[in-house]
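Colleague: Please take a close look at the pairing of charged side chains here, and then place that part within the chain as a whole.

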Amino acid sequence: MRRVAVLLGLVGAAGGGWVVSAQQPRSQAPDARMMLVVDSLDRRLDSLVDRMNRTSGNQKIGAMAAVINELVAQRKVMHGHMQQMHGSMGRR
């Protein structure tokens, strides 16, 4: 559950940055910020996979569950973000 909260926080921070950028001079495009978030998520997943590959026995099962949970959480956030983007495109 904590991982989902962290993931949502990261994506929320990226999305929140778009609102803030409308009020301040642009120093970084929204696409660049989103790439930073994606890179961060990739590093997190890489870390979990590395841990999974280094363990064995019951620890490996737990590590595998962590990888699967992270993949599912990231996919849900991505899906929600895509729906949000499609909704905003129709309002323009």
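Modeller: I will begin with Asp50, which counts as partly exposed at 40% relative accessibility, where buried means under 20% relative accessible area, exposed over 50% and partly exposed in between, with a 1.4 Å probe and protein chains only. The model is predicted, so that local features need pLDDT of at least 70 and side-chain atom pairs count only at pLDDT 80 or more, whereas totals for chains, interfaces and linings use all residues. Residues are numbered from 1 along each chain as its sequence is written, and side-chain values use heavy atoms, with hydrogens and water left out.

Asp50 forms a salt bridge with Arg54, their closest N and O atoms lying 3.1 Å apart; the term stands for a side-chain nitrogen of Lys or Arg within 4 Å of a carboxyl oxygen of Asp or Glu. Because they are four residues apart in helix 2, Asp50 and Arg54 are separated by about one helical turn, and Arg54 is itself exposed, with a relative accessible area of 61%. Helices here are DSSP runs of H or I with at least four residues, strands are runs of E with at least two, and both are numbered from the N terminus.

Under the salt-bridge rule the count comes to two, and the other pair is Arg44 with Glu70, whose side chains meet at 3.4 Å, N to O. This pair links distant parts of the chain, with Arg44 in helix 2 and Glu70 in helix 3, 26 residues apart. The two ends differ in their surroundings, since Arg44 is partly exposed at 31% relative accessibility, while Glu70 is buried at 1%. A polar contact of 3.4 Å also joins the side chains of Arg44 and Glu70, the term meaning a pair of N or O atoms within 3.5 Å, where within protein one must be able to donate a hydrogen and the other to accept it, and residues adjacent in sequence count only if both atoms are side-chain atoms.

As for the wider setting, the chain has three helices and zero strands, and 23% of its 92 residues count as buried. The largest nonpolar core consists of six residues, Leu45, Leu48, Met52, Ala63, Ala66 and Val67, and helix 2 (30–54) and helix 3 (57–90) each supply at least two of them. Such a core is a set of buried Ala, Val, Leu, Ile, Met, Phe, Trp, Tyr and Cys residues joined through side-chain atoms within 4.5 Å.
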